[in-house]
Amino acid sequence: MIKEIIVVEGKDDTVAIKRAVEADTIETNGSAIGEDVLRRIALANERRGIIIFTDPDHAGERIRKIVARHAPGCKHAFLPQEKALYKGDIGIENASPEAIRTALSELRTETADETGEVSFEDLMEAGLIVHPDASNRRLVIGRLLGIGYANGKQFYKRCTSFRISKAEFIEAFRKMEEELGG
């Protein structure tokens, strides 16, 4: 049984989570999250803690940001897009129980402290921004770090708010280079 309450987008996500682990969920019912749902999420975060586990797509990232604003210190689970894909549809509901358990075992806790070891210059030097293949490189290294895909600015914010260490970043960069043949 997972202690925290898992915040997901919809009923199908809840079904997929319950196939993988024993846990309680709160469904946002998409990106138009009502005030009552946000109040329940804030209360759940205060009492038990929450894990935000949204789809690895644009809408899921938007929901993740909205929920995180209402739940300081929350935890995040990230599922790589390739683990959530079925017939062109991306979603938690498409993931295997094993992929869900793996994502839930690699949680990242968000902190308000915006002082991280990884600098914006580190991202530039790693080719994660201002590089012809920056988007693909962020996709790979985000998976390796367990922080998901994000645009350059958001990726930097995740590195700082999830307190990614310089050593973690360097190791993930090395693995990314191996994967991409660089």
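## Exercises on a predicted model

N29 lies in the loop between strand 2 and helix 2. The structure is a predicted model, and the exercises below refer to it.

**Exercise 1. Describe the backbone and the exposure of N29.**

Solution. Start with the backbone: phi of N29 is near 60 degrees, a positive value in a residue other than glycine. For background, most residues other than glycine have a negative phi. Next, take the accessibility. The relative accessible area of N29 is 53%. The cut-off for exposed is over 50%, so N29, at 53%, counts as exposed.

**Exercise 2. Carry out the analysis of Exercise 1 for V130, and state where V130 is found.**

Solution. V130 is found in the loop between helix 5 (120-125) and helix 6 (134-145). Its phi is near 50 degrees, again a positive value in a residue other than glycine. With a relative accessible area of 75%, V130 is exposed.

**Exercise 3. Work out the order of the strands in the sheet and identify the edge strands.**

Solution. Five strands form an open sheet, and the order across it is 2-1-3-4-7. The edges are strand 2 (25-27) and strand 7 (108-109), each of which pairs on one side only.

Now take the pairings one at a time. Strand 1 and strand 2 run parallel and are joined by three bridges; here V7 stands opposite I26 of strand 2. Strand 1 also pairs with strand 3 in the parallel sense, over three bridges, and the bridge partner of I5 in strand 3 is I50. Strand 4 (residues 75-76) and strand 7 are antiparallel, with two bridges; H76 is opposite R108 of strand 7. The sheet as a whole has mixed pairing.

**Exercise 4. Determine which way the side chains of strand 1 point, and what lies across this part of the sheet.**

Solution. I5 and V7 point one way from strand 1, while I6 and V8 point the other way. These four residues are buried. Helix 2 (residues 35-47) lies across strand 1 (5-8), strand 2 and strand 3 (50-52), and runs at about 160 degrees to strand 2.

**Exercise 5. Locate the largest nonpolar core and find which elements supply it.**

Solution. In soluble globular proteins, nonpolar side chains tend to be buried together. The largest nonpolar core has 19 residues. Those with the most contacts inside it are I6, I17, F53, L79, I100 and L104. Strand 1, helix 1 (11-20) and helix 4 (97-105) each supply at least two residues, and helix 4 gives the most, with four.

I6 of strand 1 serves as an example. Leaving aside residues up to four places away in sequence, I6 touches I17, A23, D24, T25, I26, I51, F53 and L104. A second, separate core has 18 residues, including I129, F162, F169 and M176.

**Exercise 6. Classify the packing of helix 1 against helix 4, and give the make-up of the contact.**

Solution. Two packed helices are described by the angle between their axes and the distance between the axes. Here the angle is about 85 degrees and the axes are 8 Å apart. Angles of 65 to 115 degrees count as roughly perpendicular, and so helix 1 is roughly perpendicular to helix 4. Helix 1 contributes A16, I17, R19 and A20 to the contact, and helix 4 contributes P97, I100 and R101. By type, these residues are five nonpolar, no polar and two charged.

**Exercise 7. Decide whether helix 7 is largely enclosed or not, and name what packs against its buried residues.**

Solution. The cut-off for buried is under 20% relative accessible area. In helix 7 (residues 152-161), seven of the 10 residues are buried, so the helix is largely enclosed by the rest of the structure. The buried residues are G152, Q154, F155, R158, C159, T160 and S161. They pack against helix 3 (58-70), strand 7, helix 5 and helix 6.

**Exercise 8. Set sequence separation beside spatial separation for the pairs E121 and Y156, and D133 and E46.**

Solution. E121 lies in helix 5 and is partly exposed, at 49% relative accessible area. E121 and Y156 are 35 residues apart in sequence and 10.0 Å apart in space, C-alpha to C-alpha. D133 lies in the loop between helix 5 and helix 6, and its relative accessibility of 31% makes it partly exposed. D133 and E46 are 87 residues apart in sequence, with 41 Å between their C-alpha atoms.

Technical notes:
Residues numbered from 1 in each chain as written. Predicted model: local features only at pLDDT ≥ 70, side-chain atom pairs only at ≥ 80, totals over all residues. Heavy atoms only, no water. Pairing = 2+ DSSP bridges. Contact = heavy atoms within 4.5 Å. Axes fitted to C-alpha atoms, helices over the stretch in contact; angles between N-to-C directions. Core = buried A, V, L, I, M, F, W, Y, C linked by side-chain atoms within 4.5 Å. Buried < 20%, exposed > 50% of the residue type's maximum accessible area, 1.4 Å probe, protein only. Parallel < 35°, antiparallel > 145°, perpendicular 65-115°, else oblique. Nonpolar A, V, L, I, M, F, W, Y, C, P; charged D, E, K, R; others polar.
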